[in-house]
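Me: Could you walk me through this model with a few questions and answers? I would like to start at one particular loop residue and work outwards.

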Amino acid sequence: MAACASGGTTTTTTPAVKIEAKPGQAVHVTLKNTGTFPKAVMGHNWVLLKADAKVDDYLAAATIVPAEGYQPKAKAADVLAAIPVIGAGQTAEVTFNAPAAGHYPFVCTFPGHYLLGMKGELVVQ
């Protein structure tokens, strides 16, 4: 999910991605929205969840909080790193240290995007 795009009547999704890192390694993620719609209509974000977070529960909570950028404050304890929702032509970044060894899901929480394949996994080993 390095770049997300949508515009006109066609939606382009980035296939599931795997990021690999070592525990404690600095990880830098850049998210670029190459679409043409404003973020309220077709925004994209990037949320890295804890290994034991329930992705479906997080997404269900995110869908109903557009005012919170689709990142529910009630589930903030499940998040390790995040990039807020960005609109067309915008780029945003986050740098964090990889957590302990394990598998950590990351998702775009804008409604419907996870189901379109905007997701992946950070594998720390």
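Me: Happy to have it in view! Is Tyr70 buried or exposed, and at what relative accessibility?
Reply: This is a predicted model, where local features need pLDDT of at least 70, side-chain atom pairs count only at pLDDT 80 or more, and totals for chains, interfaces and linings use all residues. Residues are numbered from 1 along each chain as its sequence is written, and side-chain values use heavy atoms, with hydrogens and water left out. Buried means under 20% relative accessible area, exposed over 50%, and partly exposed in between (1.4 Å probe, protein chains only). Tyr70 therefore counts as buried, at 12%.

Me: Where does Tyr70 lie, and what is its phi near?
Reply: Tyr70 sits in the loop between helix H2 (55–63) and S6; helices (H or I, at least four residues) and strands (E, at least two) are DSSP runs, numbered from the N terminus. Most residues other than glycine have a negative phi. Tyr70 has a positive one, near 60°.

Me: Which residue has a side-chain polar atom 2.6 Å from the backbone oxygen of Tyr70?
Reply: The partner is found in the loop between S8 and S9, and its relative accessibility of 1% makes it buried. Its side chain also makes a polar contact (N or O atoms within 3.5 Å; within protein, one able to donate a hydrogen and the other to accept it, and residues adjacent in sequence counting only if both atoms are side-chain atoms) with the side chain of Asn45, at 2.6 Å. The residue is Thr109.

Me: Which residues does Thr109 touch, not counting those up to four places away in sequence?
Reply: Contact here means heavy atoms within 4.5 Å. The residues that Thr109 touches are Asn45, Val47, Tyr58, Leu59, Ala62, Gly69, Tyr70 and Gln71.

Me: Is Lys73 buried or exposed?
Reply: Lys73 is also placed in the loop between H2 and S6. Its C-alpha atom is separated by 9.0 Å from that of Ala62, 11 residues apart along the chain. With 65% relative accessibility, Lys73 is exposed.

Me: Which residues of the largest nonpolar core touch the most other members?
Reply: A nonpolar core is a set of buried Ala, Val, Leu, Ile, Met, Phe, Trp, Tyr and Cys residues joined through side-chain atoms within 4.5 Å. The largest has 17 residues, and those touching the most other members are Val29, Trp46, Leu48, Ile83, Val94, Phe96 and Leu122.

Me: Apart from that core lies another; how many residues has it?
Reply: This other core includes Leu49, Val55, Leu59 and Phe110 among its members. Its count of residues is 13.

Me: Which side chains of S7 point to one face and are buried?
Reply: In a regular strand the side chains alternate between the two faces of the sheet. Along S7, Thr91, Glu93, Thr95 and Asn97 point to one face and are not buried. Those that point to the other face and are buried are Ala92, Val94 and Phe96.

Me: In S7, what is the bridge partner of Thr30?
Reply: Two strands pair if DSSP finds at least two bridges between them. S4 and S7 pair in the antiparallel sense, over 7 bridges. The partner of Thr30 is Glu93.

Me: Which residue forms a salt bridge with Lys18?
Reply: A salt bridge is a side-chain nitrogen of Lys or Arg within 4 Å of a carboxyl oxygen of Asp or Glu, and the structure holds 1. Lys18 is exposed, at 52% relative accessible area. The closest N and O atoms are 3.2 Å apart, and the partner is Glu20.
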